[in-house]
Amino acid sequence: MMAGIKALVALSFSGALGLTFLLLGCALEHFGVYWPMFVLIFYILSPIPNLIARRHADDTESSNACRELAYFLTTGFVVSAYGLPVVLARTSVIQWGACGLVLAGNCVIFLTILGFFLIFGGGDDFSWEQW
């Protein structure tokens with residue numbers, strides 16, 4: 001039980017660190033544009049296909065169309081989260097420094113989401129369903 005609490009605290013800290021990078025890319029006086037905050041939508045949408053696929057997928061098959069579609073949609077959300085700040089920087093809506101901070105925040109947040117699924121997504125005694 002204690003290992004699960006430590007993992008949850010570590011994931012919370014890394015999520016806060018990723019959101020700090022995102023907020024710094026928006027709120028620093030030098031940048032001052034809040035358009036990159038739209039990547040929050042991708043942070044929320046990215047785990048949803050996998051959560052749905054885990055509920056409806058059958059684990060006995062090696063290849064499952066539902067799970068493959070979930071991976072495809074998740075990949076689309078992740079690529080879109082990385083693409084949005086780059087497109088905003090290329091069109092001079094935000095500065096490249098803000099783009100770098102948002103991309104760093106993306107890396108930390110998506111690694112946090114991946115860590116959550118790896119730690120709490122298994123079918124063992126301690127799973128995310130307890131939370």
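Trainee: Leaving aside its neighbours within four places in sequence, which residues is Thr112 in contact with?

Mentor: Bear in mind that this is a predicted model. Here Thr112 touches Leu11, Ser14 and Gly15 once those sequence neighbours are set aside. Thr112 itself belongs to helix α5.

Trainee: What does the side chain of Thr112 make a polar contact with?

Mentor: With the side chain of Ser14, at 2.8 Å. Buried means under 20% relative accessible area, and Thr112 has 12%, so Thr112 counts as buried. Its partner Ser14 is also listed among the buried residues of α1.

Trainee: Let's zoom out for a moment. How many helices and strands are there in the chain?

Mentor: Five helices and zero strands. Going along the sequence, you read the pattern as α-α-α-α-α.

Trainee: And what share of the residues count as buried?

Mentor: The chain has 131 residues, and 34% of them are buried. About 8,200 Å² of the chain is exposed, with 70% of that coming from carbon and sulfur atoms.

Trainee: What share of the contacts with a separation of 6 or more comes from residues 24 or more positions apart?

Mentor: That share is 64%.

Trainee: Back to α1. How do I check a helix length against its residue count?

Mentor: Take 1.5 Å a residue: the 26 residues of α1 should then span 38 Å, and the end C-alpha atoms sit 37 Å apart, so the two values agree.

Trainee: Which residues of α1 are buried?

Mentor: Gly4, Ala7, Leu11, Ser14, Gly15, Gly18, Leu22, Gly25 and Cys26. The cover over these buried residues includes α2 and α5. You've already met a piece of that, with Thr112 of α5 in contact with Leu11, Ser14 and Gly15.

Trainee: Now the rings. How is a pair of aromatic rings described?

Mentor: You need the distance between the ring centres and the angle between the planes. The count in this model comes to five aromatic pairs. Take Tyr43 and Phe110: their centres are 5.5 Å apart with 80° between the planes, an edge-to-face pair.

Trainee: Where in the chain do Tyr43 and Phe110 lie?

Mentor: Tyr43 is in helix α2 (residues 39–45) and Phe110 in helix α5 (residues 96–120), so to speak a link between distant parts of the chain, 67 residues apart. Tyr43 is buried at 8% relative accessible area, and Phe110 is buried too, at 11%.

Trainee: What about Phe116 and Phe120: at what angle do their planes lie?

Mentor: Their planes lie at 45° with the centres 5.3 Å apart, so that pair is tilted. Phe116 and Phe120 are both in helix α5, four residues apart, or about one turn of the helix.

Trainee: Is Phe120 buried or exposed?

Mentor: Phe120 is buried, with a relative accessible area of 0%. Phe116, on the other hand, is partly exposed at 28%.

Trainee: Which residues do ring pairs link into a cluster?

Mentor: Tyr43, Tyr82 and Phe110.

Trainee: Next, the cysteines. How many disulfides does the structure hold?

Mentor: Zero. Cys26 is buried, with 0% relative accessible area, while Cys66 is partly exposed at 31%.

Trainee: Which residues is Met37 in contact with, leaving aside its neighbours within four places in sequence?

Mentor: Leu22, Leu23 and Cys26. Met37 sits in the loop between α1 (2–27) and α2. Sequence separation and spatial distance are worth reading side by side here: Met37 and Cys26 are 11 residues apart in sequence, and 7.3 Å apart in space from C-alpha to C-alpha. As for exposure, Met37 is partly exposed, at 25% relative accessibility.

Trainee: One backbone question to finish. What is the phi of Ser92?

Mentor: Positive, at about 65°, although Ser92 is not a glycine. You'll find Ser92 in the loop between α4 (65–90) and α5.

Trainee: Is Ser92 buried or exposed?

Mentor: Apply the cut-off again: exposed means over 50%. Ser92 has 62% relative accessibility, so Ser92 counts as exposed.

Note on methods
Residues are numbered from 1 along each chain as its sequence is written. Side-chain values use heavy atoms; hydrogens and water are left out. Rings of Phe, Tyr and Trp (its six-membered ring) pair if their centres lie within 6.5 Å; planes under 30 degrees apart count as stacked, over 60 as edge-to-face and the rest as tilted. Helices (H or I, at least four residues) and strands (E, at least two) are DSSP runs, numbered from the N terminus. Buried means under 20% relative accessible area, exposed over 50%, partly exposed in between (1.4 Å probe, protein chains only). A disulfide is a pair of cysteine sulfur atoms within 2.5 Å. Contact means heavy atoms within 4.5 Å. Accessible areas come from the Shrake-Rupley method with a 1.4 Å probe; for residues, only the protein chains shown count as cover. A polar contact is a pair of N or O atoms within 3.5 Å; within protein, one must be able to donate a hydrogen and the other to accept it, and residues adjacent in sequence count only if both atoms are side-chain atoms. The expected span of a helix is 1.5 Å times one less than its number of residues.
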